[in-house]
Amino acid sequence: KKRKVQEDVDATSDNVFCESISFAEVVKSNIGTKIKKKSYRKKSTANDEVSRKARPVIVIKPKESNQSSEDTRKVLNSKLDPKKHKISNFRHGKDGSIIAECATGYNVNVVKDGIQSDLGENYNAVVPSSVPRLKVKGMSEKFSSDDFIMILKDQNEDIAINEVKVIRMYENPQLKYNKYNAVIEVDKETHNCLLTAGKVFIKFDRCRIVPEIHVLRCFKCGEFGHMSMNCKN
């Protein structure tokens, strides 16, 4: 019986062929089988989380034309309580003004009225126009409005850009290069998407996107918050 079993094993082993494979052949066989995972730049939309969420602002400006922003800030420190009025992130504006951000979730007009009441008649508290404005900074050349809008949309297809209106394009004389800026009006979705992106491509330049503060001022009486056609003074 032992001899019979051994013969069966020998016969079976003769019919089995084991091919030896080298490490190089294993590597070659894996080439082309790996699927490369492509990375796509996600298109930003209004539903995405906005890294720099725009908050409503209030512009506080003195009626005294020669007053500096530093002096205005000192008055605000003595008369206003940031915690009470729900304002923060103060920064200097033009003509002695101070720009303050209002906390989200509060009625900006109610906050403005409270500030105006505490400051008195020597200051104007104004809520800027509700149409969102942005500033595109750092262009190396000046464009027409139509060309700028076309370049902005064509070179930044991964950003949801809808309605764009060029308000003005101006030069910063203090800079030697990349001295052109553009102020644009956009819809709310485009506003959020551009702020999320932070930068856009304009020709060969990568330009920064920052909020633009716009305040209505009457050319008839010089007061803020209305235009001359609606002036009652």
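Which residue takes a positive phi in the hairpin of β8 and β9? In this predicted model, that residue is K203, with a phi near 55°. Two residues lie between the strands of this hairpin. The strands β8 and β9 pair in the antiparallel sense, over four bridges. In β9, D205 is the bridge partner of I202. The side chains of β8 alternate. V200 and I202 point to one face and are buried. K199 and F201 point to the other face and are not buried.

The two buried residues of β8 lead to the core. V200 and I202 are among the residues with the most contacts inside the largest nonpolar core, which has 25 residues. V136, M139, F148, I184 and L194 are listed with them. Several elements build this core. Strands β5 (133-139), β6 (164-171), β7 (180-186), β8 (199-202) and β9 (205-211) each supply at least two of its residues. So much is also true of helices α6 (145-154) and α7 (188-197).

V136 shows how these parts meet. Neighbours within four places in sequence are left aside here. V136 is then in contact with F148, and with Y180, N181, A182 and I184. V200 and I202 also touch V136. C207, R208 and I209 complete the set of contacts.

Apart from the core of 25 residues lies another, of 14 residues. Its members include I87, I98, V108 and V111.

I98 also belongs to strand β3 (residues 98-102). Five of the five residues of β3 are buried, so the strand is largely enclosed by the rest of the structure. I98, A100 and C102 point one way from β3. I99 and E101 point the other way, and these are buried too.

Two strands pair with β3. Strand β1 (residues 57-62) does so in the antiparallel sense, over four bridges. In this pairing, I60 stands opposite I98. Strand β2 (residues 87-92) is also antiparallel to β3, again over four bridges. Here I87 stands opposite C102. The hairpin of β2 and β3 has five residues between its strands. Within this hairpin, D95 takes a positive phi near 55°.

The chain as a whole can now be described. Its secondary structure comes to seven helices and nine strands. Of its 233 residues, 32% count as buried. Contacts between residues at least 6 apart in sequence were also examined. Among these, 66% join residues at least 24 apart. The chain exposes about 16,200 Å². Carbon and sulfur atoms supply 49% of that area.

Note on methods
Residues are numbered from 1 along each chain as its sequence is written. This is a predicted model: local features need pLDDT of at least 70, side-chain atom pairs count only at pLDDT 80 or more; totals for chains, interfaces and linings use all residues. Side-chain values use heavy atoms; hydrogens and water are left out. A nonpolar core is a set of buried Ala, Val, Leu, Ile, Met, Phe, Trp, Tyr and Cys residues joined through side-chain atoms within 4.5 Å. Buried means under 20% relative accessible area, exposed over 50%, partly exposed in between (1.4 Å probe, protein chains only). Contact means heavy atoms within 4.5 Å. Two strands pair if DSSP finds at least two bridges between them. Accessible areas come from the Shrake-Rupley method with a 1.4 Å probe; for residues, only the protein chains shown count as cover.
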